[in-house]
Amino acid sequence: MPFILYGYMHILKMRSNPFLPLGNFNYRCYSLLIAGLLFSIIPLGAKENTKRIVSLSGSLTEIIYSLGAQNLLVGTDTTSYFPEQANQLPKVGYQRSLSLEGILSLKPDLVLGTEEAGPPETLDRLKKLGIKVLIHDSKPGLQSTLDRIQLIGETIGETKVAQEIIDRIHKNVITLQKNTPWKIKPKVLMVFSRGRNMIVVAGKETSGSAMIELAGAENYISEFSGFKPLTPEILLKNKMDVILLTDMSLKALGGKKEFWKLPGFQAIPESKRPNIITMDDLLLLGFSSRLDSALEELQIKIKKSSK
Ligand code: HEM
């Protein structure tokens, strides 16, 4: 690598030297050609051996874009829908049900995923075929988000930009937490759905709960951990101030009118219904480079909607 760099610097020096005799014309063409080749095989800032990344997570895709390294991405999973340009990349399936053939067809030299990535057999096959697979933890929270950004920055050789993003998020999140727009913590119930047969609520230690707490509010659910199916009994204790859904969840349930027909919610008289707020799925649960804007949006929406 140092030799390539030295050669490259030398070529650049020669190219920019206006005093080179005309007889060096061929040399100049040759230099330009080599320089062009080097540019095309070593993306600026990327580690030499990482040229084709497949990302298996919307959060990681977002981080790669925020680091300005999107030129290394050759494919993503279907949760990678932000930023808009990511939709133009080939898709390899949903992060939990990935297509081995889809990934292989993109000839990646690095597959980046989180603990959500699966099925495990697909990841094992990739490793056995000699493809580098890096799995990041998907723990929700401020520190784990910052760690993820740093690790990806190191993996793709963009540590400086990564540090700038880390500093920004850290500063903004601390400020948002110091200035919560309420005195008494509002109680927020998060409902998540992918259709009538999959309606869950966010218990402790979930991404939903972590966002509610980072925003300085309180998770309505304190009795259990993880996402658990919605049952009418869950709603029997003291009243909640706000119901939080992701955009896709509300859509999957058929909108607000249908939501109030769900078992348990049905029993709440119209005058006593808490307000429903929604946020984009990836923004709310992604724990990525937009963590600070996500928290700001969540605080504003909770504040506006608490009765
Ligand atoms: C960052 C947060 C998330 C995003 C952006 C996201 C996005 C998506 C998308 C785009 C799909 C459609 C997949 C496709 O048609 O290819 C999907 C399906 C699904 N998601 Fe998520 N999701 C997120 C978190 C979750 C969580 C926390 C759960 C479980 C509690 C979950 C459970 C499911 C299930 C069960 C499906 C249906 C899978 C299938 O049809 O194979 N998702 N999600």
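**A walk outward from strand β7**

Let's start with one pair: Val191 sits opposite Leu245, a residue of strand β11. What you have in front of you is a predicted model, and this pair is a handy place to enter it. Val191 belongs to β7, which covers residues 187-193. β7 and β11 (residues 242-246) are joined by four bridges and pair in the parallel sense.

Val191 has a second partner too, since it also stands opposite Val201 in β8. Here the direction changes: β7 and β8 (residues 199-202) run antiparallel, with three bridges between them. The two strands form a hairpin with five residues between them, and within that hairpin Gly195 takes a positive phi near 130°. A further neighbour of β7 is strand β9 (residues 218-219), which runs parallel to β7 and is joined to it by two bridges. In that pairing, Val188 has Asn219 of β9 as its bridge partner.

Is β7 mostly covered or mostly open? It is mostly covered, as seven of its seven residues are buried. In a regular strand, side chains alternate between the two faces of the sheet. In β7, Lys187, Leu189, Val191 and Ser193 point one way, while Val188, Met190 and Phe192 point the other way, and all of them are buried. Notice that Lys187 is among these buried residues.

Let's cross the hairpin to Ile199, which lies in strand β8. Ile199 counts as buried because 20 other C-beta atoms lie within 10 Å, and the cut-off for that label is 20 or more. Leaving aside residues up to four places away in sequence, Ile199 touches Val191 and Ser193, along with Pro229, Leu230 and Leu262. Val191 and Ser193 take us back to β7, where both point one way from the strand. As for Thr231, its C-alpha atom is 9.2 Å from that of Ile199, although 32 residues separate the two along the chain.

Now for a helix. Helix α6 (residues 142-156) has 15 residues, and from its first C-alpha to its last it reaches 22 Å, close to the 21 Å expected at 1.5 Å a residue. An α-helix has 3.6 residues a turn, so residues three or four places apart point the same way. The buried residues of α6 are Thr145, Leu146, Arg148, Ile149, Ile152, Gly153, Thr155 and Ile156. Which elements help to cover them? Among them are helices α3 (58-66), α7 (159-178) and α12 (291-305), together with strand β6 (132-136). Just after α6, Gly157 takes a positive phi of about 75°.

Where does the ligand lie? Domain 2 (53-174) and domain 3 (180-305) both contribute residues to the shell around the ligand, so it lies between them. Of the 14 residues around the ligand, those that come nearest are Thr78, Tyr94, Asp281, Leu282 and Leu285. Helix α11 (residues 281-285) supplies the largest share of the shell, three residues. By kind, the shell divides into seven nonpolar, five polar and two charged residues.

Finally, step back to the whole chain, which has twelve helices and twelve strands. Of its 307 residues, 37% are buried. Among contacts with a separation of 6 or more, 59% are between residues 24 or more positions apart. The contact of Ile199 with Leu262 belongs to the picture of the chain as well, and so do the bridges that link β7 to β11.

Key:
Residues are numbered from 1 along each chain as its sequence is written. This is a predicted model: local features need pLDDT of at least 70, side-chain atom pairs count only at pLDDT 80 or more; totals for chains, interfaces and linings use all residues. A residue is near a molecule or strand if its C-beta atom, placed from the backbone, lies within 6 Å of it. Ala, Val, Leu, Ile, Met, Phe, Trp, Tyr, Cys and Pro count as nonpolar, Asp, Glu, Lys and Arg as charged, and the others, Gly among them, as polar. Domain bounds come from an automatic or database domain assignment. A residue is buried if 20 or more other C-beta atoms lie within 10 Å of its own, exposed if 12 or fewer, and partly exposed in between; C-beta atoms are placed from the backbone. Two strands pair if DSSP finds at least two bridges between them. The expected span of a helix is 1.5 Å times one less than its number of residues. Two residues are in contact if their C-beta atoms, placed from the backbone, lie within 7 Å.
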